[in-house]
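These are my notebook entries on one structure. I looked up a surface patch, the ligand surroundings and a strand residue.

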Amino acid sequence: MQRLRGILSHMGHGAVLDLKTCQQARELQDIYTMFTISTSKLRQIQIYFLQEMLAGLRDTDGSSIQQLCSFVKKEKTDNISGTYFALDLGGTSFRVWKLIIDKGKILEKFETRVDIPEEHMTGTADGLFGFIAAKCKEVASSTEGDLGFTFSFPIQQHSVNHGTLIKWVKGFTTSGVEGKDPAILLKEAFNKQGVKLDVVALCNDTVGTLVAEYFNDNAASIGVILGTGSNACYWEKLSNIPKYMAKHPEEDPKQAMCINMEWADFDRDTPHRCLPLTQFDKMVDFYSAHPGNHLFEKMMSGKYIGEISRLIFDYLSSKRILPELPGIRKSENFESKDLSYFLSDNTDKLENIENFILERFRSHTSLFQRQTMKEICDLVSTRAARLAAAGIATIVSKISPEEDTTVSVDGSVYEYVPGFRKKLNDSIAELFVGMPSPNIKVVLTKGGSGVGAGLIAALVTAKN
Ligand code: BGC
């Protein structure tokens, strides 16, 4: 924090400082300290995280990281050919793809993106799935075909194409879906509208992201989503999944299956054991659609990092460090795309930020105030990157790959927040300092979450 550094050096020179300036500096330093996670804290988080990973492999309900079985196995991909469809539902929009695959390579892909009207995110199952089926009809017309359905919510999977929604998250509250099978709801909606697609695979977006990259690069072993929500998956040997082997003793224990971790809920139980939750995180949680859920995600994903920054701005405005910002009290009035905009302003006087504040909040700011706001965005996104890095580094340590490993990432935070990728990579490297580690490559697999579902549909069909 530049202002603080300035004040402390004045103090060192015996300058007389007024109490108000000192109090303001203290407020800023408090926020800086609250949001800065040391290496040692990250290592503590890693140990708790690993413990939860292991517990979840034994018993889904016995851990805050549920380690859900996806039923997607690690198979050869070079014999896969055909035309497949994919549908990706997970945020405020959904996407439909038609994929033409030849010997494990995607030759062509056609993508359609559709915004989901608010009324369907909070309405009824019939409304939501009917809306989606109508759009799929436009893409697939009367073609018969197999479809992979990415459903980016916690699903307790029963097979590769069936499962039940455990709970809605990320602002969805549509009635009649919790406890139901989204693949069946989709198929029923298809039938009603005469769409001739079969739902042969149901998967989480992390699983799609991993499989999409795995078709390109066999070293891909971890899939991560850093977007509206956040989560990860990885290939785990069946011998390490006691809860699965107990029900499927006939299967080859050396075979690997993709585990959908559902890391968003990590350390959910109170009292929280290691998450460094601040007063701002607690407020975000309190006012969210699902309080008490997904606290790890709420500290780092796109739905929340703008909101955390907004709450800090509001606080600093109440302390008169920032000017009055009419409208700042309105929830979600500063989104993660605005945070990215602030971070990308490299003009000397931060003129883009100045104009944004004038337009959105009708306030004039000093250069120092704009610098402070940009620094807040940087603090919040750095913390997000470091938490995600702790998760990824722990998975790498757990699977201890002997060779190079690729982490496949999809999602708007990773893709668009300036500096995020570097911070994530640097923090992963920091956690391996002094330890033997494989060469970890983190790659952006754009659209992988949905495309991967189409590839899983192809894998499933090839097997049958
Ligand atoms: C959901 C996960 C999903 C993640 C990323 C979380 O809120 O629980 O299932 O993978 O968001 O979309």
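I took patches as sets of residues with over 30% relative accessible area and no salt bridge, with nonpolar side chains (Val, Leu, Ile, Met, Phe, Trp, Tyr) joined within 5 Å and like charges within 9 Å. A salt bridge is a side-chain nitrogen of Lys or Arg within 4 Å of a carboxyl oxygen of Asp or Glu. Accessible areas come from the Shrake-Rupley method with a 1.4 Å probe, and for residues only the protein chains shown count as cover.

The model is predicted: local features need pLDDT of at least 70, side-chain atom pairs count only at pLDDT 80 or more, and totals for chains, interfaces and linings use all residues. Residues are numbered from 1 along each chain as its sequence is written, and side-chain values use heavy atoms, without hydrogens and water.

Entry 1, patch. I found that Met283, Phe286 and Tyr287 make a nonpolar surface patch of about 380 Å². Tyr287 counts as exposed because its relative accessibility is 65% (exposed is over 50%, buried under 20%, partly exposed in between).

Entry 2, ligand. I looked up polar contacts, pairs of N or O atoms within 3.5 Å; within protein, one must be able to donate a hydrogen and the other to accept it, and residues adjacent in sequence count only if both atoms are side-chain atoms. An oxygen atom of the ligand lies 2.5 Å from a side-chain N or O atom of Asp205, and one lies 2.6 Å from such an atom of Glu297. The protein buries 98% of the 310 Å² that the ligand exposes when taken alone.

Entry 3, strand. Ser408 is in strand E12 (residues 405-410); strands are DSSP runs (E, at least two residues), numbered from the N terminus. Ser408 counts as buried because its relative accessibility is 0%.

Note on methods:
Buried means under 20% relative accessible area, exposed over 50%, partly exposed in between (1.4 Å probe, protein chains only). Helices (H or I, at least four residues) and strands (E, at least two) are DSSP runs, numbered from the N terminus.
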